[in-house]
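Work through the exercises below with the structure open beside you, and try each task before you read its solution.

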Amino acid sequence: QVQLVESGGGLVQAEDSLRLSCAASRLTFSSSAMGWFRQAPGKEREFVAAISRSASNTYYADSVKGRFTISRENTKSTLSLQMNMLKPGDTAVYYCAARAGTLNYNYAGPRRWEEANYWGQGTQVTVSS
């Protein structure tokens, strides 16, 4: 079955950088719009960033705009999230999500958890002040 495996999480200090990766298997990656979500302790899961099939379009939550960059490499079925200027408020479990079979070539999604077909198990990011 489809697998999404996140990596790259860890414990960093405020203003540090971290790069998350998501490796997809058994997924038609190039036909899937991809996204990142996160969930902090005691809080609801929230959207972070999304990218279209072709990588032509991206979309970010206001809270991370200008600090995070989502990217993808279709030849390697890999999704990435470069996180700069991290804040303690970015502490959360980060999840990779796929919207498989996205017909709209330029749609940067999923933007809601329910929009995705597949989800990873998550990777913990902890930012200390």
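## Exercise 1: A hairpin and its neighbour

Task: Describe the turn between β4 and β5, and then follow the pairing of β5 on to β6.

Solution: In this predicted model, β4 and β5 make a hairpin in which six residues lie between the two strands, and within the turn Gly 42 has a positive phi of about 75°. The next step is to look at the pairing itself: β4 and β5 run antiparallel and are joined by five bridges, and Met 34 is found opposite Ile 51 of β5. We then move on to β6, which covers residues 58-60 and pairs with β5 in the antiparallel sense over two bridges; here Ala 49 has Tyr 60 in β6 as its bridge partner. The hairpin of β5 and β6 also has six residues between its strands, and Ala 55 takes a positive phi near 70° there. Finally, consider the surroundings of β5: five of its six residues are buried, so this strand is largely enclosed by the rest of the structure.

## Exercise 2: The order of a sheet

Task: Work out which strands stand at the edges of the open sheet of four strands.

Solution: Begin with the order of the strands, which is β1-β3-β8-β7, with antiparallel pairing. Because β1 (3-7) and β7 (68-73) each have a single partner strand, they stand at the edges, and one side of each is left without a neighbour in the sheet. From one strand to the next, the twist averages 15°. For a closer look at one edge, take β7 and its partner β8 (residues 78-83), which pair in the antiparallel sense over six bridges; in one of these pairings, Glu 73 has Thr 78 in β8 as its bridge partner.

## Exercise 3: The nonpolar core

Task: Find which element gives the largest share of the largest nonpolar core.

Solution: It helps to start from a general tendency, namely that in soluble globular proteins nonpolar side chains tend to be buried together. In this model, the largest nonpolar core has 37 residues, and those with the most contacts inside it are Met 34, Trp 36, Leu 79, Leu 81, Met 83 and Tyr 94. The elements that give two or more residues to this core are β3 (18-25), β4 (33-39), β5 (46-51), β7, β8, β9 (92-99) and β11 (123-128). The largest share comes from β9, which gives six residues.

## Exercise 4: Two residues compared

Task: Decide whether Arg 38 is buried or exposed, and then examine Asn 74 in the loop between β7 and β8.

Solution: Arg 38 lies in strand β4, and with a relative accessible area of 5% it is buried, because the cut-off for buried is under 20%. The side chain of Arg 38 makes polar contacts with the side chain of Glu 46 at 2.5 Å and with the side chain of Asp 90 at 2.9 Å. Not counting residues up to four places away in sequence, Arg 38 touches several others, among them Val 48, Phe 68 and Tyr 94.

Asn 74, by contrast, counts as partly exposed at 31% relative accessibility. Leaving aside neighbours within four places in sequence, Asn 74 is in contact with Phe 29, Ser 30 and Arg 53. Although Asn 74 and Ser 30 are 44 residues apart along the chain, their C-alpha atoms are separated by 5.5 Å. The last step is to note a polar contact of 2.7 Å that joins the side chains of Asn 74 and Arg 72.

Note on methods. Residues are numbered from 1 along each chain as its sequence is written. This is a predicted model: local features need pLDDT of at least 70, side-chain atom pairs count only at pLDDT 80 or more; totals for chains, interfaces and linings use all residues. Side-chain values use heavy atoms; hydrogens and water are left out. Two strands pair if DSSP finds at least two bridges between them. Axes are lines fitted to C-alpha atoms, for helices over the stretch in contact, and angles run from 0 to 180 degrees between N-to-C directions. A nonpolar core is a set of buried Ala, Val, Leu, Ile, Met, Phe, Trp, Tyr and Cys residues joined through side-chain atoms within 4.5 Å. Buried means under 20% relative accessible area, exposed over 50%, partly exposed in between (1.4 Å probe, protein chains only). A polar contact is a pair of N or O atoms within 3.5 Å; within protein, one must be able to donate a hydrogen and the other to accept it, and residues adjacent in sequence count only if both atoms are side-chain atoms. Contact means heavy atoms within 4.5 Å.
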